[in-house]
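Work through the exercises below with the model open in your viewer. Try each task before you read its solution.

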Amino acid sequence: MMFARTFSALTFGCLGAIASANITSDFQDVADGWMGVNVSFPGLEVLNTVSPTWTGNSITVTESGSGLFVLAAPTKFLGNQSSYLGGTVSFQLASATSDGVSYPNLLLRGNGRILYHETPAPNSSLTFYEFSLAPSGWKNELGQVATQSEMANVLSNLDVFAINADWTTGGTDEVELDNVVMAAPVPEPATLISLGVGAFMLRRRRRQRS
């Protein structure tokens, strides 16, 4: 029984060392540092900012100014996020109006490179989106299919993490955002097994030395 407990503790200790906690904004307490921002596209240079309204369990924002209107994430989503390569980003988004066509939804910028993922417009009630932080489905600022190295490069030094809040071209956009989650990749079963074996061998060597 003691061996089983030791084995389990070592295994999950190794997993904890390589796993990253989810980064979240559930908006249960505050607006959490998100901002409405008008930016140029595809350069994503700031043109204007507006504070969102906290509803108590989500945030809403109304477009103000020219350029592409986005909801920009706070600093906890930025910086070196290399450990999230192969993970996911998910959120719920609603827009009061839309053109009914696909536009860039999630936009990331890092080390001077911009990646974006297009989707159909959200509904007027909260719509769930999930994006893999792997190159499939992503394009760079030149409209080219993104590569694994580009995704890794962007995530290593994120300075923009933005969700589109501009789904109409001829009117003022009003959007709602909730439950933003940046999740690390889940280890494959083979990885879990190898970590367990590695932990066992490490424990065995330590016993032999003592």
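**Exercise 1: one face of a helix**

In this predicted model, the buried residues of α2 pack against five strands: β8, β9 (113-119), β11 (138-140), β12 (158-164) and β13 (174-183).

Task: Find which residues of helix α2 (residues 148-155) are buried, and work out where around the axis they sit.

Solution.
- Step 1. Pick out the buried positions. They are Glu150, Met151, Val154 and Leu155.
- Step 2. Recall the helix geometry. An α-helix has 3.6 residues a turn, so residues three or four places apart point the same way.
- Step 3. Check the arc. The buried residues cover only 125° around the axis, so they lie on the same side of α2.

**Exercise 2: placing Ser98**

Task: Locate Ser98 and decide how it should be classed: buried, partly exposed or exposed.

Solution.
- Step 1. Find the element. Ser98 is in the loop between β7 (88-95) and β8 (103-110).
- Step 2. Apply the cut-offs. Buried means under 20% relative accessible area, and exposed means over 50%. Ser98 has 34% relative accessibility, so it counts as partly exposed.
- Step 3. List the contacts. Outside its neighbours within four places in sequence, Ser98 touches Ala121, Trp167 and Thr168.
- Step 4. Look at the side chain. It comes to 3.2 Å from the backbone nitrogen of Gly100.
- Step 5. Compare sequence and space. Thr172 is 74 residues from Ser98 along the chain, yet their C-alpha atoms are 9.9 Å apart.

**Exercise 3: reading aromatic pairs**

Task: Classify the ring pairs Trp34 with Phe77 and Phe91 with Tyr129, and say which parts of the chain each one ties together.

Solution.
- Step 1. Set the scope. The whole structure holds ten aromatic pairs.
- Step 2. Take Trp34 and Phe77. Their centres are 5.6 Å apart, with 65° between the planes, and the pair is edge-to-face.
- Step 3. Place both rings. Trp34 is in the loop between β1 (23-25) and β2 (35-39), and Phe77 is in the loop between β6 (68-72) and β7, so the pair ties together parts 43 residues apart in sequence. Both residues, Trp34 and Phe77, are buried.
- Step 4. Take Phe91 and Tyr129. The centres are 5.8 Å apart and the planes are at 40°, so this pair is tilted.
- Step 5. Place these rings too. Phe91 is in strand β7 and Tyr129 in strand β10 (residues 127-132), so the pair joins parts 38 residues apart in sequence. Phe91 and Tyr129 are both buried.
- Step 6. Widen the view. Ring pairs link Trp34 and Phe77 with Phe27 and Phe161 in a cluster.

Technical notes:
Residues are numbered from 1 along each chain as its sequence is written. This is a predicted model: local features need pLDDT of at least 70, side-chain atom pairs count only at pLDDT 80 or more; totals for chains, interfaces and linings use all residues. Side-chain values use heavy atoms; hydrogens and water are left out. Helices (H or I, at least four residues) and strands (E, at least two) are DSSP runs, numbered from the N terminus. Buried means under 20% relative accessible area, exposed over 50%, partly exposed in between (1.4 Å probe, protein chains only). Contact means heavy atoms within 4.5 Å. A polar contact is a pair of N or O atoms within 3.5 Å; within protein, one must be able to donate a hydrogen and the other to accept it, and residues adjacent in sequence count only if both atoms are side-chain atoms. The arc is that of the directions from the helix axis to the C-beta atoms. Rings of Phe, Tyr and Trp (its six-membered ring) pair if their centres lie within 6.5 Å; planes under 30 degrees apart count as stacked, over 60 as edge-to-face and the rest as tilted.
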